[in-house]
Amino acid sequence: MSDHSTDTSKEESQANSHQRRLKGEFVRGVSGFRHSIGDADFPAEPNRYHLFVAFNCPWCHRATLARNVLGLQYAVSLDVAFPSRTDETDPVAPNLWEFNPSRVSTLTGAALPECTTETATGKSYRLAKEIYAAEGSSEGSVPILFDKKTQRIVNNESAEIIRMLNTHAKALGSNIQEDARWNLYPASLESDIEKLNDKIYSNINNGAYKAGFSSDQAVYATAFRNYFDTLAELESLLASDQRPFLTGDRFTEADLRLYPTLFRHDPVYYLRMKLNAAKILDYPHLWRWLCRVYALPGVEQSNSLDHCKQGYFGRSWNNVVPLGPIHPMTYPEAYGHPELA
Ligand SMILES: N[C@@H](CCC(=O)N[C@@H](CS)C(=O)NCC(=O)O)C(=O)O
């Protein structure tokens, strides 16, 4: 994709990506499958679509949040990969997402109960890569939105997946009545949401990866600054009129997209992404916002912090998962306590 057409609210500019990577910058690539539910080939119907995710992946967290908040748990099926990717001992290759519910977590010493086999293709693939390979693609990322009827990948860009789940929630079989269901992208708030998405994607969601996965001190320092400057801005926005959500009274896509990063910040990113200027607990309005979103129906069930810890503190951390934070409280229990901040 040329730099010209990059929508920086959902993917980063690929300009000079080769040189930038050589210099040590983490540059996220662009997803290849960009069909939509609602296209002629992919009509919106209940029990037809499927999500492949890993719970540690924040982009997948967007998709599981949308699925749960929109009441699609019984209409869009889900498979969950093990949070650590394959290693050098794997018969196929290292660094691949694997559906393996019997794999043991170094953190808990047991299998992770949320992990599943692959149930949508009828082939019980072990690797997400095999789902792509069946379509002649060499990609390997999650999340994947998959059509069980045609056995094709619909889309593998989370920003687009959540938008289509919202647009077609009713036809996809939501079990929440229309008037009781959040509209994540209401027409009256589109421009506010887009502005927030742009800033939050670049500086927070992808910014965290730029800080944690770049090997150049200056790239890290810029990402670190942008991340905390944006947190301060969002703290002021919430404080300005005590609004419960980023755009006002309603939970929208902007909140949904901020949540996966802030959920991971104190227990994982503070250490792993070297984002150790402050915890979310140090921002009273953002903390209470985080607790408010955590309390929404379906949000707690959309993820597991054990998977996040297991996935982020892998081989580069000697496969030893840090045990904190413990003060003032363990996580995710802390998210039930808005009064801590
Ligand atoms: N643009 C994608 C990015 C997804 C992504 O980067 N997923 C990571 C996991 S957090 C992944 O699967 N990477 C492995 C790969 O790309 O092969 C989205 O937002 O859906």
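Before we start, one bit of vocabulary: Ala, Val, Leu, Ile, Met, Phe, Trp, Tyr, Cys and Pro count as nonpolar, Asp, Glu, Lys and Arg as charged, and the others, Gly among them, as polar. Hello everyone, and please keep in mind that what you see here is a predicted model.

Let's use that vocabulary on the ligand. Which residues are around it? They are Arg28, Ser31, Cys57, Trp59, Gly140, Ser141, Val142, Pro143, Asn156, Glu157 and Ser158. Sorted by class, this shell has five polar, four nonpolar and two charged residues.

Ser158 takes us to our next stop, helix 4, which covers residues 158–167. Is this helix mostly covered or mostly open? Mostly covered: eight of its ten residues are buried. Those are Ser158, Ala159, Glu160, Ile161, Ile162, Met164, Leu165 and Asn166. So Ser158 is both one of the residues around the ligand and a buried member of helix 4. And what lies over those buried residues? The cover includes two strands, strand 3 (144–147) and strand 4 (152–155), along with helix 2 (58–69), helix 5 (169–172) and helix 8 (253–272).

Now let's step back to the whole chain. It is divided into domain 1, residues 49–180, and domain 2, residues 187–340. Their C-alpha centres are 22 Å apart. Where the two meet, 21 residues of domain 1 are in contact with 26 residues of domain 2. Helix 2 supplies eight residues to the domain 1 side, the largest share. By class, that side has ten nonpolar, eight polar and three charged residues.

Next, a pair of strands. Strand 1, residues 49–54, and strand 2 run parallel and are joined over five bridges. If you want a place to look, find Ala54, which stands opposite Ala81 in strand 2. Between the two strands the chain passes through helix 2, making a right-handed β-α-β crossover. Why do we call strand 2 largely enclosed by the rest of the structure? Because four of its five residues, in the run 77–81, are buried.

My last stop is a single residue, Ala232, in helix 7, which spans residues 217–240. How crowded is its surroundings count? Ala232 has 13 other C-beta atoms within 10 Å, so it is partly exposed; being buried would take 20 or more, and being exposed 12 or fewer. One more thing to find on screen: Ala232 and Leu286 are 54 residues apart along the chain, and their C-alpha atoms are separated by 9.2 Å.

That's my tour, and thank you for listening!

Key. Residues numbered from 1 in each chain as written. Predicted model: local features only at pLDDT ≥ 70, side-chain atom pairs only at ≥ 80, totals over all residues. Near = placed C-beta within 6 Å. Contact = placed C-beta atoms within 7 Å. Domains from an automatic or database assignment. Pairing = 2+ DSSP bridges. Right-handed = clockwise from strand over helix to strand, strands pointing away.
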